[in-house]
Amino acid sequence: MKTLLLSTSEQDIEKAGAIIRGGGLVAFPTETVYGLGANALDEKAVKSIYAAKGRPSDNPLIVHVAKKEDIAPLVREITPKAQALIDAFFPAPLTVILPKADIIPNTTSGGLDTVAIRMPQNETARAVIAASGVPVAAPSANTSGLPSPTKAKYVIDDMNGKIDAIIDGGDCEVGVESTVITLATDVPTILRPGAITKEMIENVIGTVEISPAVLNELGENETAASPGMKYKHYAPKAEIVLVDADKETYKNFVNSRKSAYALCFDGDDVTIDRVTYGSESDDAEQARELFDALRKLDELGAKRVYARMPHKDGVAMAVYNRLIRAAAFRIIDLKKPFTIGLTGATGAGKGHICKELEALGFNIIYSDLVAREVVQKGSPLLDKLADEFGADILKDGELDRALLAERAFADKSHTAKLNSIMHPAIISRCEELAHGLTVLDAPQLFEAHAEDKCYKIVAVTAPKELRAQRIIARDGITAKQAEQRISVQFDDEYYINHSDYVIINDGREIKTQINQILAKIF
């Protein structure tokens, strides 16, 4: 198919309208992104949209109108709240979902009994719709799944030879698709965030909910009630990974990823190859720049990209919504105090793993050393321990650790009492020491209930007999004492079942196991 490249002249707009009216496809600019338009009432024309985009047919389309009075024939009823939104905002980057009229084909609505209606703010878009004389179904004018186009050149890249015409109307002003709100539910619910925010809508119609699928994946067997709700969407060819971190932690992390790209904010101190998507403090600019930035990454040949996460309110909610789908919900959470919680039974060999990780640039916190620190002479914990385990565990104000261990490890109930005193203080101090990419070496990570403070948990395991040999040699204790310590801890199966990754330290090559795990985490 030969694709006509049209301008925004009156003659070309009339030509575009005639193409749509005749069952053809025309890409045209809106204030949000470029749309791929067809007659919304012509089932064959709508099917050609799905074919051109490679779009699943269960993904509903938005129907665009040129005038407010064009809405009524397309829906069963314009509810009072819908009318209030139309009066307050239209034309705008806002889409309202209402029960559909019979004239809307199932192909247009994705098989749903509702229809999504929008009146674009962009004058060229409204002129094209008016020239066509029909309501226009128009998803974004891109190959399905790729970033939506906000420049005509990206439409040409994706659609040249597949559709009848493309109107070059310059860059889109908003940069992310319209806010979609359904009014076909008891409480109006935003299904896709955009430039018209929840707060703006609530100022007009009162309480509005945010669909869980805005910030999370669709539930199993859940139907997409709006465009843009699919698991992976808006994605470049590069693999995107979102990094949830403050500015300093993000900088340190991405600067260590030498073969990757950073998708970051203006002013971020990043030394690897980078593409920016606006200012950290300007949500509207982020929205306007995001899709272009994702396209640029492909132009640069990026394979793996670490994107700095925006916040999740206001217009930035729309940016986050697009990014999380571009990343297929892959997130590295570096806001937790500990990047990796390293755990395992005594004698498993965690210390050796820590040395390897330290050589790779991780900040290592040894909870056993912190445990000694928090019971130094004068610590308020000493009185609590003495009350529980006997005053004689203190010698001239110093803790007799051997005597405490003998009593605390005598049975599991005593061990639990020791843990209830020690663990909160230890973890609190470890959090104070955490900075950057931090590994918490914590034999009693689970007993301390600190697993939620770790991004990922790695367990180190080894055969019981080998662990006993190691702690006898390490601590100068008897075999009986070693057995006693081992008996009050979880077994390997527990650590394996409650951890994200496992390192087997029984003489196997350790560096390879570590590198394989880090490659999966980061």
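How many residues does the hairpin use to join S9 to S10? Let's find out in the viewer, keeping in mind that this is a predicted model.

**Stop 1: the hairpin.** Start by selecting residues 179-182, which are strand S9, and residues 189-192, which are strand S10. The connection between S9 and S10 is a hairpin of six residues. These two strands run antiparallel, with three bridges between them. To see one pairing up close, pick isoleucine 181 and look across to S10, where isoleucine 190 is its bridge partner.

**Stop 2: the other neighbour of S10.** Keep isoleucine 190 selected and add strand S11, residues 209-210. Here isoleucine 190 has another bridge partner, isoleucine 210 in S11. The pairing of S10 with S11 is parallel and spans two bridges.

**Stop 3: the crossover.** Now bring in helix H7, residues 198-205. Together, S10, H7 and S11 form a β-α-β unit, and its hand is right-handed.

**Stop 4: the cavities.** Next, switch to a view that shows internal space. There are three cavities of 30 Å³ or more in the structure, and the largest has a volume of about 260 Å³. To centre your view on that largest cavity, select Ala138, Pro139, Ser140, Glu177 and Arg192, the closest to its centre among the 26 residues that line it. Arg192 may look familiar, as S10 covers residues 189-192. Colour the lining by class and you should find nine nonpolar, 12 polar and five charged residues.

Notes. Residues are numbered from 1 along each chain as its sequence is written. This is a predicted model: local features need pLDDT of at least 70, side-chain atom pairs count only at pLDDT 80 or more; totals for chains, interfaces and linings use all residues. Side-chain values use heavy atoms; hydrogens and water are left out. Two strands pair if DSSP finds at least two bridges between them. Helices (H or I, at least four residues) and strands (E, at least two) are DSSP runs, numbered from the N terminus. A crossover is right-handed if, with the strands pointing away from the viewer, the path from the first strand over the helix to the second runs clockwise. On a 1 Å grid over the protein atoms alone, a cavity is a set of points where a 1.4 Å probe fits but cannot get out, and a pocket is an open set with protein on both sides within 12 Å along at least five of seven lines; lining residues have an atom within 4 Å of a point. Grid points are joined across faces, edges and corners, and a volume is the space filled by probe spheres set on the points. Ala, Val, Leu, Ile, Met, Phe, Trp, Tyr, Cys and Pro count as nonpolar, Asp, Glu, Lys and Arg as charged, and the others, Gly among them, as polar.
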